[in-house]
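Q: Please take me through this structure, beginning with the ligand site and ending with a pair of strands.

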Amino acid sequence: MKSSLFRLGRQAMSAPRALRPSDGAACAALHRASFAHPWAASEFEALLTDSACFGEAIEAKSRLAGFVLSRRALDEAEILTIVVDTRLRQRGCGQRLLAAHLSQLSALGVIKLFLEVDETNEAALALYRRLGFTQLGMRKGYYVKKDGLRANALILGRAQT
Ligand SMILES: CC(C)(COP(=O)(O)OP(=O)(O)OC[C@H]1O[C@@H](n2cnc3c(N)ncnc32)[C@H](O)[C@@H]1OP(=O)(O)O)[C@@H](O)C(=O)NCCC(=O)NCCS
């Protein structure tokens, strides 16, 4: 096995690499499979060409398996989204992506990191807590689900070392 590959279960995945504008369509496809209000490929392309935005990607069989994307402002950043292919979840991919991303943000001088997450999203909450995020606040009824019901958003934060 090449050193740039590691195995999670039976699926070979690449080491994390930087997200690029050409990933926009693949990001949109993964996002669409996971969220009630998907972002278009053109929106991802615009974000990925914005010099304030940074992200990491992991591939499996030369296709995007997961990605994380943040926007930075001076020494703060907000995680805009993180998605892992539905078929490749709970194999450590999200944790590996986010850990790589935290290192990149640290190297860029980011010391405060924020995000919003649906309070019913157990998988995302487990991932974020695993990597040291804690709750800073809540936005009541922030998310509108496909069925029209609303869910609260938790605001999480992490101080970078
Ligand atoms: C959130 C998400 C990125 C996690 O990716 P993943 O590759 O499955 O995560 P990992 O396998 O690295 O697991 C990370 C931690 O979360 C836990 N976890 C993952 N899925 C879980 C689930 N469905 N329920 C409970 N815990 C879960 C794992 O057990 C692990 O915790 P541990 O190390 O303490 O055991 C993935 O579920 C996803 O893409 N969800 C849809 C998009 C989304 O909701 N993004 C977040 C928006 S804020």
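**Reading the ligand site and a hairpin**

A: This is a predicted model. Four elements each supply at least two residues of the shell around the ligand: β6 (76-84), α3 (93-107), β7 (112-118) and α4 (122-130).

Q: Which element gives the largest share of the shell?

A: That is α4, with 6 residues.

Q: How many residues surround the ligand, and which are the closest?

A: A residue belongs to the shell if one of its heavy atoms lies within 4 Å of the ligand. Here 21 residues surround the ligand, and I82, Q90, G94, N121 and R130 are the closest. By class, the shell has 11 nonpolar, 6 polar and 4 charged residues.

Q: How do I read the polar contacts of the ligand?

A: Look for pairs of N or O atoms within 3.5 Å. An oxygen atom of the ligand lies 2.7 Å from a polar backbone atom of Q90, and a ligand oxygen is 2.8 Å from a polar backbone atom of Q95. With R89 the partner is an N or O atom in the side chain, 3.3 Å from an oxygen atom of the ligand. The ligand taken alone exposes 930 Å², of which the protein buries 76%.

Q: Which pocket does the ligand take up?

A: Its space is the largest pocket.

Q: Now the strands. How do β8 and β9 run, parallel or antiparallel?

A: In a regular strand, side chains alternate between the two faces of the sheet. Strands β8 (residues 134-144) and β9 (residues 150-159) run antiparallel and are joined by 7 bridges. V144 stands opposite R150 in β9.

Q: What lies between β8 and β9?

A: The two strands form a hairpin with 5 residues between them. In the turn, G148 has a positive phi of about 90°.

Methods. Residues are numbered from 1 along each chain as its sequence is written. This is a predicted model: local features need pLDDT of at least 70, side-chain atom pairs count only at pLDDT 80 or more; totals for chains, interfaces and linings use all residues. Side-chain values use heavy atoms; hydrogens and water are left out. A polar contact is a pair of N or O atoms within 3.5 Å; within protein, one must be able to donate a hydrogen and the other to accept it, and residues adjacent in sequence count only if both atoms are side-chain atoms. Accessible areas come from the Shrake-Rupley method with a 1.4 Å probe; for residues, only the protein chains shown count as cover. On a 1 Å grid over the protein atoms alone, a cavity is a set of points where a 1.4 Å probe fits but cannot get out, and a pocket is an open set with protein on both sides within 12 Å along at least five of seven lines; lining residues have an atom within 4 Å of a point. A molecule sits in a cavity or pocket if more than half of its atoms lie within 2 Å of its grid points. Ala, Val, Leu, Ile, Met, Phe, Trp, Tyr, Cys and Pro count as nonpolar, Asp, Glu, Lys and Arg as charged, and the others, Gly among them, as polar. Two strands pair if DSSP finds at least two bridges between them.
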